[in-house]
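This report describes the nonpolar core of a predicted model, then the strand pairing, then one loop residue.

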Amino acid sequence: MASAVFSHKPIRCTWLRPGNEKPHFCIVLVGEEHENYGETAICNLNPAQYWIKHLKDDNVVYVTNIHRSKESGKLLCDASPNAFQPLFQGVAEGFRKKEDAIQAELPTPKLEIVSDSNFRRIDTYLNDPQQIQVFEALADHLSIKHAGHLLLTYAIRCLPKSGQGWSGEGINAYLTK
């Protein structure tokens with residue numbers, strides 16, 4: 001029986017087949033590093049990972065959070081970020097043959113930090129093509145949420161230390177001057 005403790009350590013699995021008609025599932029065979037070795041698991045994909053659903057037999061997929069559903073008893077997991085996927089083109093371009101790589105087709109992302117009990121939701125839209133290109137490059141490597149978080153955190157850290165006590169009006173004046 002799987003442990004109730006979630007592990008964020010990527011576990012090597014083998015792609016078996018698409019999950020169903022929905023784009024965010026595929027079926028993987030759990031690798032030998034995990035206590036559920038040899039069992040099949042339903043792997044959840046985020047939108048930037050839908051390319052995984054179209055892999056071939058025996059392709060490697062790294063996953064995290066392998067656990068058994070209390071409701072159905074089925075083994076579930078989440079695909080690790082694209083940065084951990086050996087067949088994702090763009091992560092380690094120089095370390096693999098191009099013919100083995102998969103080029104992901106991603107929807108144009110919107111920066112959206114999903115609400116959490118401790119955080120408030122922030123929606124924003126980028127208009128500048130250069131900003132969009134930077135954001136998409138990072139979102140291809142990470143999840144859209146994590147890319148947005150990193151960029152927003154970096155931008156806030158770039159404000160002068162003297163601005164930490166500024167009002168919203170003061171911060172706006174500084175950013176728009």
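In this predicted model, the largest nonpolar core has 20 residues. Those with the most contacts inside this core are V28, C43, I52 and V63. Five elements give two or more residues to the core: strand 1 (11–18), strand 2 (25–30), strand 3 (40–44), strand 4 (60–68) and strand 5 (75–79).

V28 has a wide set of partners once its neighbours within four places in sequence are left aside. V28 is then in contact with C13, T14, W15 and L16, with E39, T40, A41 and C43, and with V61 and C77. C43, like V28, is among the core residues with the most contacts inside the core. W15 is also the residue whose bridge partner in strand 2 is V28.

The pairings of strand 2 are set out below.

| Strand pair | Sense | Bridges |
|---|---|---|
| Strand 1 and strand 2 | antiparallel | five bridges |
| Strand 2 and strand 3 | antiparallel | five bridges |

Strand 1 and strand 2 form a hairpin, with six residues between them. On the other pairing, F25 stands opposite N44 in strand 3.

The last topic is a loop residue. S80 lies in the loop between strand 5 and strand 6 (111–113). Is S80 buried or exposed? S80 counts as buried because its relative accessibility is 0%, and the cut-off for buried is under 20%. Leaving aside neighbours within four places in sequence, S80 is in contact with P10, Q49, Y62, V63, T64 and Q85. Of these partners, V63 is one of the residues with the most contacts inside the largest nonpolar core.

Definitions and conventions
Residues numbered from 1 in each chain as written. Predicted model: local features only at pLDDT ≥ 70, side-chain atom pairs only at ≥ 80, totals over all residues. Heavy atoms only, no water. Core = buried A, V, L, I, M, F, W, Y, C linked by side-chain atoms within 4.5 Å. Buried < 20%, exposed > 50% of the residue type's maximum accessible area, 1.4 Å probe, protein only. Helix = DSSP H or I, 4+ residues; strand = E, 2+ residues; numbered from the N terminus. Contact = heavy atoms within 4.5 Å. Pairing = 2+ DSSP bridges.
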